[in-house]
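Student: Hi, I have a new model open and would like to walk through it with you. Can we take it piece by piece?
Tutor: Happy to, let's bring it up.

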Amino acid sequence: MKVGLFVPCYIDQLYPDVGLATVNVLERFGMEVDFPATQTCCGQPMANTGCNDDARPLAQKFFKVFHLYDHVVCPSGSCVAMVRQHYTHYTHGNAEFESLTQRTFELCEFLADVLKVEKIHGTFSHRVGLHQSCHGLRELRLARSSETVGNSYSKVRQLLESIEAIKLSDLQRTDECCGFGGTFAINEESVSCMMGQDRVADHEQAGTEVLTAVDMSCLMHLDGFIRRQDKPIRVMHVAEIFDAALSSCSEADTVRSEDALTATERTS
Amino acid sequence: MNHATQATAFVANDERAHWHDSALWFVRSKRDKCAHALPEWEDLRAAASEVKMHTISRLAKYLEQFEVNAKKLGVHVHWAKDGAEHNKIVHGILQKHDVKKVVKSKSMLTEECHLNPCLEKHGYEVVDTDLGERIVQLREEPPSHIVLPAIHLKKQDVSTLFEKHLGTEAGNNDPQYLTEAARGHLRDKFLGADAGITGVNFAIAETGGFVVCTNEGNADLGVSLPKLHIACMGIEKLIPRASDLSLFLRLLARSATGQPITTYSSHFHGPIAGGELHIVLVDNGRTEILGREEFRRSLNCIRCGACMNTCPVYRRSGGHSYETTVPGPIGSILAPARDANEFYSLPYACSLCGSCTDVCPVKIDLHNQLLTMRGKIAEKKILPWSKRIQMRLTSSVMKRTWLFRWAGGIARWIMPKLPRFLVYNRFNPWGKQREMPPFPKKSFRQLYADRKRNRQEDKPK
């Protein structure tokens with residue numbers, strides 16, 4: 001299966017390793033990954049400021065770049081939420097465009113829902129704190145939010161928990177916003193920073209060694225405090241953890257799949 | 001006015017801001033326990049939302065039905081198009097009855113219409129009888145929350161206030177002692193009042209009756225002794241049938257304070273023996289919102305305050321930072337819907353986390369409405385020019401892949417070379433408390449291209 005890789009603009013420029021980890025993970029699950037190099041930004045910063053006229057051309061660019069792919073995968077819940085939930089203002093009844101917005105997936109939901117991945121092989125022996133990025137949580141519904149009532153589930157947590165030797169932190173507030181919020185981080189600097197420091201403190205009390213999320217933007221904000229205050233926490237995008245786990249078992253896994261292959265060959 | 005400035009002042013007192021956050025988080029947690037105890041919670045929300053949407057879609061019909069049925073019960077029904085007219089009507093009724101002293105139970109509508117200052121100007125003694133409301137009234141400040149008006153105050157603050165106004169012992173911060181002092185003080189006010197004013201939580205079209213919910217029983221006390229009861233309600237407080245009430249009473253108390261039901265749900269069907277009951281139906285901008293499809297749903301609001309308790313920004317900036325009667329997420333829609341120029345900053349006082357939307361018992365899509373409101377504010381060019389130009393520039397860069405790559409390359413090249421003082425200064429709000437992200441040598445697209453090239457080279461020819 002061929003997937004179009006959509007890498008958020010700031011990940012492209014500031015966190016290239018997250019993009020590479022995403023490619024590795026997708027390839028490990030047998031995907032043929034294609035990164036169309038004309039892509040830039042989904043337009044979320046403009047749309048969230050209310051400047052829809054400035055976001056519209058970027059939405060149209062997104063359509064132009066990605067419309068030929070069956071699936072588009074992106075290592076960000078927030079950018080995917082922009083495409084899937086908020087592009088409705090820009091599709092203007094174009095059925096092909098509307099269909100593309102529904103074929104665009106955040107990495108974890110692509111693994112869980114499309115590829116039906118139940119287990120990430122390999123080990124990652126750290127205490128991991130999962131930050132539930134809001135747009136992934138409440139717009140893409142990657143997990144049951146703490147406000148709503150019903151069977152609890154979490155696509156990201158389930159994948160993380162399937163990794164051997166991983167331990168997940170128990171937080172006091174399981175899904176409170178980190179306070180990044182795009183331009184909110186600048187416009188409301190004081191509240192944004194208080195929110196961020198409160199999240200870091202919650203992870204600290206829970207013994208988090210590696211702080212992860214589906215959105216590097218939340219982690220960029222939280223990492224800003226962690227580094228300023230020299231806290232013993234490291235941030236990693238969830239794709240980087242998957243990649244680390246998968247590469248830890250690459251040899252063993254290769255052996256196993258070779259075994260399987262030989263077995264099939266033998267029987268045929 | 002600007003929310004960020006007010007919020008910065010609130011956050012500056014770190015200990016108090018954290019205390020405020022914890023106090024409201026405690027209420028949110030209580031709400032969670034209560035909601036999660038009902039497996040049918042999401043069905044209740046859906047049903048309540050539909051009842052409200054239905055009512056609003058036929059508001060004129062239900063209002064007239066309510067008026068007819070209320071009159072049958074012997075109630076005087078008044079209509080006010082705005083706050084000024086509302087205040088005039090209330091003043092007129094009080095004048096006619098030669099009232100001097102008024103007791104009020106909590107009503108956000110009268111706060112919205114600024115009834116108290118209006119009546120005080122005319123020489124009436126107006127006493128808010130909800131404990132929290134009384135506290136903020138004595139402090140001569142507006143409530144900071146619609147359900148917990150004095151949530152921004154600590155017991156020490158109340159003690160100092162009561163010492164001054166009620167003559168309580170200096171330094172006695174015991175909540176029991178302070179509450180009893182207030183109780184004694186308010187009993188005298190109840191006994192001496194000539195008229196009682198209440199709000200309305202739910203008015204029922206089918207019966208012409210209405211319900212007022214209080215935890216302190218002060219609505220009952222306030223309207224049982226005086227012969228005159230004036231109930232003030234926004235026109236969106238209507239529900240069609242008495243049988244719809246159970247739905248809302250179950251949702252309201254659980255969402256507001258995490259109680260299974262409010263302590264007193266007082267039903268009023270006509271005046272007390274020998275008395276008069278007046279209802280003032282107030283529009284004050286509500287039909288304006290009704291006419292705007294994208295914000296119509298905000299009229300579902302039953303004023304439970306759950307969106308405030310859950311809002312990470314409200315909890316850390318306090319109700320007064322919004323400078324509007326109804327603060328928090330719902331207030332950040334209602335206020336700019338009425339006056340976008342004055343309240344333009346409120347929809348931006350939000351990280352768009354969506355917690356308010358998920359907590360709302362009547363399913364108002366709060367965070368989406370806040371986002372839509374930002375669009376209106378930018379469209380009307382109320383958003384400061386500096387912000388609009390920034391977005392226009394970013395968009396121009398992002399439209400051109402080559403320019404984006406070039407700009408990114410320049411930034412990644414220059415940033416690591418700059419001395420710290422050039423990066424971290426007062427022109428960089430990000431860097432005030434946070435480190436900047438790393439600026440790697442190569443972008444993802446460069447590394448990806450390198451990798452692709454290497455793989456092709458590695459391929460056996």
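Student: How many Å separate the centres of domain 1 of chain B and domain 3 of chain B?
Tutor: Keep in mind that this is a predicted model. Taken over C-alpha atoms, the two centres are 34 Å apart.

Student: And which residues belong to which domain in chain B?
Tutor: The domain assignment puts 1-37 + 298-383 in domain 1, 38-284 in domain 2 and 391-458 in domain 3.

Student: What size of box does chain B fill?
Tutor: Along the principal axes, its C-alpha atoms take up a box of roughly 100 × 55 × 45 Å. Chain B has 461 residues, and 46% of them are buried. Its secondary structure consists of 22 helices and 10 strands.

Student: What share of the contacts in chain B comes from residues 24 or more positions apart?
Tutor: Counting contacts with a separation of 6 or more, such residues account for 74%.

Student: Let's switch to chain A. Which domains does the assignment give there?
Tutor: Domain 1 covers 2-114 and domain 2 covers 127-247. Between their centres there are 21 Å, again over C-alpha atoms. The contact involves 27 residues of domain 1 of chain A and 22 residues of domain 2 of chain A.

Student: Which elements give two or more residues to the domain 1 side?
Tutor: On the side of domain 1 of chain A that touches domain 2 of chain A, those are helices H1 (9-14), H2 (16-28), H3 (44-49), H5 (77-86) and H8 (107-114) of chain A. H2(A) gives the most to that side, with seven residues. By residue type, the side has 14 nonpolar, nine polar and four charged residues.

Student: Is there a sheet in chain A I should look at, and in what order do its strands come?
Tutor: Look for the open sheet of four strands ordered E6-E5-E7-E8 (chain A), with parallel pairing. Its edges are E6 (167-168) and E8 (234-237) of chain A, each of which pairs on one side only. Strand E5 (residues 127-130) of chain A is joined to E6(A) by two bridges, and Arg127(A) stands opposite Lys167(A) in E6(A).

Student: How many residues of each chain are in contact with the other?
Tutor: 59 residues of chain B meet 56 residues of chain A. Helix H19 (residues 385-399) of chain B gives the most to the chain B side, with eight residues. The chain B side divides into 29 nonpolar, 15 polar and 15 charged residues.

Student: Back inside chain B, at what angle do H2 and H12 pack?
Tutor: Helix H2 (residues 14-36) and helix H12 (residues 245-257) of chain B pack at about 145°, and their axes are 6 Å apart. From H2(B), Val27(B), Lys30(B), Arg31(B), Cys34(B) and Ala35(B) meet Arg254(B), Ser255(B) and Thr257(B) of H12(B). Those contact residues are three nonpolar, two polar and three charged.

Student: Which residue has a phi near 55° in the loop between H5 and E2 of chain B?
Tutor: That's Asp98(B), with a positive phi in a residue other than glycine. The loop runs between helix H5 (83-96) and strand E2 (101-104) of chain B.

Student: Why does Asp98(B) count as exposed?
Tutor: Because Asp98(B) has 8 C-beta neighbours inside 10 Å, and 12 or fewer counts as exposed.

Student: What about His114(B), where does it sit?
Tutor: His114(B) lies in the loop between helix H6 (108-112) and helix H7 (115-121) of chain B. His114(B) also has a positive phi, about 55°, although it is not a glycine. With 15 other C-beta atoms within 10 Å, His114(B) is partly exposed.

Terms used: Residues are numbered from 1 along each chain as its sequence is written. Chains are lettered from A and ligands numbered from 1 in the order in which they are written. This is a predicted model: local features need pLDDT of at least 70, side-chain atom pairs count only at pLDDT 80 or more; totals for chains, interfaces and linings use all residues. Domain bounds come from an automatic or database domain assignment. Two residues are in contact if their C-beta atoms, placed from the backbone, lie within 7 Å. Ala, Val, Leu, Ile, Met, Phe, Trp, Tyr, Cys and Pro count as nonpolar, Asp, Glu, Lys and Arg as charged, and the others, Gly among them, as polar. A residue is buried if 20 or more other C-beta atoms lie within 10 Å of its own, exposed if 12 or fewer, and partly exposed in between; C-beta atoms are placed from the backbone. Two strands pair if DSSP finds at least two bridges between them. Axes are lines fitted to C-alpha atoms, for helices over the stretch in contact, and angles run from 0 to 180 degrees between N-to-C directions.
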